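Here are some short exercises to try with the structure open beside you. Have a go at each task before reading its solution.

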Amino acid sequence: MAEVESRRDDPAPVCICVLCGLPAAGKSTLSRAVSRGAAKFGWRATVVTYDDLIPDPAFLTELPVNPVDLQEPQTQWKSQRQAVLHCIEQFLKNPRVFPEFPGGCQFMGSNPRTPSERVYHLDEAPILLLLDDNFYYPSMRYEVFQLARENSLSFCQVYLQCSLELCLSRNQTRPHPVPADVISEMNKRLVAPNSQKNSWENNSITLDTTNTLTVNDIQRVMECIRSAFNNPLSPIEDNTEQKEADRQKCAASILHQTDQACRRLISEAMKTARDNRVPSDTMKTLAAQLNESKNRFLHNLRTQSLQQSPFTPEEDINVDLVVKRAVGLFGHETKEIMSTVINSDS
């Protein structure tokens with residue numbers, strides 16, 4: 001295969017390859033295989049293993065306090081992930097210096113040199129960064145893509161597809177297994193790369209890791225990386241106005257669907273009250289309180305949750321899930337209002 005071109009006066013080309021999938025899907029095995037084969041392409045491969053860099057990572061097994069909150073809570077775990085990205089950016093600015101990561105860990109470098117291999121000048125050899133993490137949310141991967149795009153780097157993704165049952169089985173053989181309930185919860189939230197929804201995920205491949213990785217699997221990954229090296233990203237021009245317009249459109253869709261669903265909940269509540277022969281005066285009070293609650297709920301949804309959420313078209317926002325959570329919260333309020341109004345009348 002053709003080698004990645006690099007001019008002596010230019011900084012070394014850099015490719016960030018995101019490895020994503022459930023724990024025990026085979027990411028570490030793949031990263032070791034790619035690292036070993038990188039020298040044949042003249043690449044300096046470095047593996048960034050999040051489990052090693054972040055001490056005792058805490059997976060968010062509970063939903064946010066606000067079910068319609070589109071942003072992940074600002075936990076120590078999330079801040080440590082951001083610290084890793086910051087350290088990667090520092091490294092990219094000065095590849096000669098290896099920054100200190102959370103937990104005091106360092107990069108695991110791979111730069112084998114034998115007499116039979118071509119020896120590259122430090123500033124010439126392309127750098128391959130393999131990010132070994134679960135990356136179960138598209139927003140996690142998008143942060144890495146943004147980093148690559150802002151710095152005109154190359155970017156690609158490899159999704160290791162493996163059944164939950166097999167991952168759980170493999171996990172039990174590890175010296176320090178991940179709790180089974182954490183893996184199961186992660187499986188529910190995992191959203192695989194999808195170039196049809198997210199154009200920025202175009203340069204992605206999927207490997208079925210049910211069985212042992214094959215030579216062909218490794219070749220596919222190497223070809224994906226080589227293609228990424230030869231097609232680095234370019235920073236986009238400021239399109240703040242378009243992003244805001246798209247954000248407002250998405251928020252309006254969520255608000256509209258939630259409004260319609262809340263109206264149906266109120267109609268069902270009123271029908272239940274009629275079926276239970278609730279007096280007319282109580283029915284009027286119930287209807288007034290339910291509508292007041294709906295208006296207040298939608299106002300808070302619009303001004304707090306949606307207005308303050310910086311989601312963009314590049315991020316895969318699950319509108320149906322957001323609406324479902326919002327409606328679930330309002331449904332709980334509806335039941336409380338019915339109970340209070342009807343009991344106070346009896």
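**Exercise 1. Find which helix gives the most to the lining of the second largest cavity, and describe that lining.**

Solution. This is a predicted model, and its structure holds two cavities of 30 Å³ or more.
- Step 1: the second largest cavity has about 30 Å³ of space.
- Step 2: list the residues around that space, which are Y50, R81, L85, F135, M140, E143 and V144.
- Step 3: assign them to helices. Both α3 (76-93) and α4 (138-150) supply at least two residues each, and α4 gives the most, with three.
- Step 4: sort the lining by character. Five residues are nonpolar, two are charged and none is polar.

**Exercise 2. Work out where F135 and A24 lie, and say what their phi angles share with each other.**

Solution. Start from the general expectation: most residues other than glycine have a negative phi.
- Step 1: F135, one of the residues lining the second largest cavity, has a positive phi of about 45° although it is not a glycine.
- Step 2: place F135 in the loop between β4 (127-132) and α4. With a relative accessible area of 1%, F135 is buried, because buried means under 20%.
- Step 3: turn to A24, which is not a glycine either and has a positive phi of about 75°.
- Step 4: A24 belongs to the loop between β1 (14-20) and α1. A24 is buried too, at a relative accessible area of 7%.

**Exercise 3. Check whether the span of helix α1 agrees or disagrees with its number of residues, and list its buried residues.**

Solution.
- Step 1: helix α1 covers residues 27-38, which makes 12 residues.
- Step 2: at 1.5 Å a residue, the helix should span 16 Å. The expected span uses one less than the number of residues.
- Step 3: the end C-alpha atoms of α1 are 16 Å apart, so the model agrees with the expected span.
- Step 4: pick out the buried residues of α1, which are K27, L30, S31, A33, V34, S35, G37 and A38.
- Step 5: to read that list, recall that residues three or four places apart in an α-helix point the same way, because there are 3.6 residues a turn.

**Exercise 4. Is E201 buried or exposed, and what does its side chain reach?**

Solution.
- Step 1: E201 sits in the loop that runs between α6 (180-189) and β6 (204-208).
- Step 2: its relative accessible area is 2%, so E201 is buried.
- Step 3: follow the side chain of E201 to the backbone nitrogen of N194, at 3.0 Å.
- Step 4: beyond its neighbours within four places in sequence, E201 has contacts with R141, Q157, P193, N194 and S195.

**Exercise 5. Which side chain makes a polar contact with that of S293?**

Solution.
- Step 1: locate S293 in helix α9 (residues 280-306). S293 is buried, with a relative accessible area of 1%.
- Step 2: the partner is E333, whose side chain makes a polar contact with the side chain of S293 (2.9 Å).
- Step 3: leaving out residues up to four places away in sequence, S293 touches F330, E333 and I337.

**Exercise 6. How far apart in space are K78 and M140?**

Solution.
- Step 1: K78 is part of helix α3 and is buried, with a relative accessible area of 15%.
- Step 2: K78 and M140 are 62 residues apart in sequence, and their C-alpha atoms are 10.0 Å apart.
- Step 3: set this beside the whole chain. Among contacts between residues at least 6 apart in sequence, 82% join residues at least 24 apart.

Definitions and conventions. Residues numbered from 1 in each chain as written. Predicted model: local features only at pLDDT ≥ 70, side-chain atom pairs only at ≥ 80, totals over all residues. Heavy atoms only, no water. Helix = DSSP H or I, 4+ residues; strand = E, 2+ residues; numbered from the N terminus. Buried < 20%, exposed > 50% of the residue type's maximum accessible area, 1.4 Å probe, protein only. Polar contact = N/O pair within 3.5 Å; in protein donor to acceptor, adjacent residues only side chain to side chain. Contact = heavy atoms within 4.5 Å. 1 Å grid on protein atoms, 1.4 Å probe; cavity = no way out; pocket = protein on both sides within 12 Å on 5 of 7 lines; lining within 4 Å. Points joined across faces, edges and corners; volume = space filled by probe spheres on them. Nonpolar A, V, L, I, M, F, W, Y, C, P; charged D, E, K, R; others polar.
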